Amino acid sequence: MFGGGGEDVVVPRAFKLLKELEKGEKGGAGLPPYLSYGLADADDDDDLTHWTGTILGPAGTTLDMRVLELSIECGERYPERPPEMRFRTRVNLPFVRNDGRIDLAALGVAQAWRRNNSIEDALNAVYHAIARPEVRRLAQPPEGARFD
Amino acid sequence: MADPAALPRRILKEAQRLRLEPIPGIAVEVSETNLRHFLCVVDGPEGTAYEGGKFKLELFLPAEYPMAPPEVFFRTKIYHPNTDKLGRICLDVLKDKWSPALQIRTILLSVQALMSAPNPDDPLRENVAEHWKTDERGALAVAREWTQKYAM
């Protein structure tokens, strides 16, 4: 950058989340067609903490074409730390615990996380993990089953 | 972490001037950890529904600044047709009317002016704008109520 002297511009949490929200709001323009996300309750979330997301099960997997709902929590330490995510739709996946929580360390997301990563990146990682060869054929609960 | 030497000179100069010549009715504080991040408090303009309130705003200068405008939003809840429930602000100088000749100072003054002159014809919150257009007295009463509840 000109005259920037190698400045590392850090986007504060709220501004980063507002940008992410904007991207999610534009009817998903710029997002992969198989995922979406937004604030869970814009009326009652001053801190932009609670989000919801959906992933469309990848083709060629036992979750093909299923709409999978997730809740996403961007805590105070986001984006230094990745969001906490859990499936609401019941799924049988090795990186998902009994209560729907996603083990981001098992996905490698926790280790590779950088502060310029986003909710979109986290959802994308989950999507691609579903399509892994050792995961794609796992038997799944009936459609409509939920964790909550 | 926050090394002033790494900042573009323009930003340093603006911050310095804000410190030496404060804007009446607007307090501006630079974040200790991020010199592009400003925490502002705008006094509700006199004679408006926001009078007596202290409205917190956050302002951030993106990497592209000053070619791109500052980003600003209200931290304090405000009942105003040109803001949304997250505090985002619809203001031309923050969008297509931005020019690098403008500054943090001019932006904050524009926000203050917007508080004095709500524009329900260019709304960000349809229902609030509708309230303004059909029952301005009622809308102003709610705005005053919110000022007391959230900004005092």
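Is A:Met65 buried or exposed? In this predicted model, A:Met65 is exposed, with a relative accessible area of 58%. The residue belongs to the loop between strand 2 and strand 3 of chain A, and its phi is near 70°, a positive value in a residue other than glycine. A second residue of chain A, A:Leu48, also has a positive phi without being glycine, here near 55°. A:Leu48 lies in the loop between strand 1 and strand 2 of chain A. With a relative accessibility of 5%, A:Leu48 counts as buried, because the limit for that class is under 20%.

The loops of chain A connect strands of an open sheet, which is described next. In chain A, 4 strands form this sheet in the order 1-2-3-4, with antiparallel pairing. Strand 1 (35-39) and strand 4 (84-87) of chain A stand at the edges; each has a single partner strand, so one side of each is left without a neighbour in the sheet. On average, neighbouring strands of the sheet are turned by 25° against each other, direction ignored.

The pairing can be followed strand by strand. Strand 1 of chain A is joined to strand 2 (residues 50-56) of chain A by 5 bridges, the two running antiparallel. Within this pair, A:Tyr37 has A:Gly53 of strand 2 as its bridge partner. Two helices of chain A pack on the sheet. Helix 1 (residues 13-25) touches strand 1 and strand 2 of chain A, and its direction makes about 125° with that of strand 1. Helix 3 (residues 119-130) touches strand 1, strand 2, strand 3 (67-73) and strand 4 of chain A, with its direction at about 145° to that of strand 1.

Between strand 2 and strand 3 of chain A, which run antiparallel, there are 7 bridges; in this pair A:Thr52 stands opposite A:Ser71 of strand 3. Strand 3 and strand 4 of chain A, likewise antiparallel, are joined by 4 bridges, and A:Ile72 stands opposite A:Met85 of strand 4. The loop between strand 3 and strand 4 of chain A contains A:Pro79, which a cis peptide bond joins to A:Tyr78, with omega about 0°. In chain B, a cis peptide bond joins B:Tyr65 and B:Pro66, with omega about 5°. B:Pro66 is found in the loop between strand 3 (54-60) and strand 4 (71-74) of chain B.

The cysteines were also examined. Over all chains, the count of disulfides comes to 0. B:Cys40 is in no disulfide; the nearest cysteine sulfur, which belongs to B:Cys90, is 19 Å away. B:Cys40 is buried, with a relative accessible area of 2%. A:Cys74 likewise counts as buried, at 0% relative accessibility.

The contact between the two chains was considered last. The size of an interface is often given as the accessible area lost when the parts come together. Chain A and chain B bury about 1700 Å² between them, of which 58% is on carbon and sulfur atoms. On the side of chain A, the residues that lose the most area to chain B are A:Glu7, A:Phe15 and A:Leu18, which together account for 33% of what that side buries. In terms of residues, 22 of chain A are in contact with 18 of chain B. Across the interface there are 3 salt bridges. The side chains of A:Asp47 and B:Arg75 meet in a salt bridge, at 3.9 Å from N to O.

Conventions
Residues are numbered from 1 along each chain as its sequence is written. Chains are lettered from A and ligands numbered from 1 in the order in which they are written. This is a predicted model: local features need pLDDT of at least 70, side-chain atom pairs count only at pLDDT 80 or more; totals for chains, interfaces and linings use all residues. Side-chain values use heavy atoms; hydrogens and water are left out. Two strands pair if DSSP finds at least two bridges between them. Axes are lines fitted to C-alpha atoms, for helices over the stretch in contact, and angles run from 0 to 180 degrees between N-to-C directions. Contact means heavy atoms within 4.5 Å. A disulfide is a pair of cysteine sulfur atoms within 2.5 Å. Buried means under 20% relative accessible area, exposed over 50%, partly exposed in between (1.4 Å probe, protein chains only). Buried area is the accessible area (1.4 Å probe) that two parts lose on being put together, summed over both. A salt bridge is a side-chain nitrogen of Lys or Arg within 4 Å of a carboxyl oxygen of Asp or Glu.
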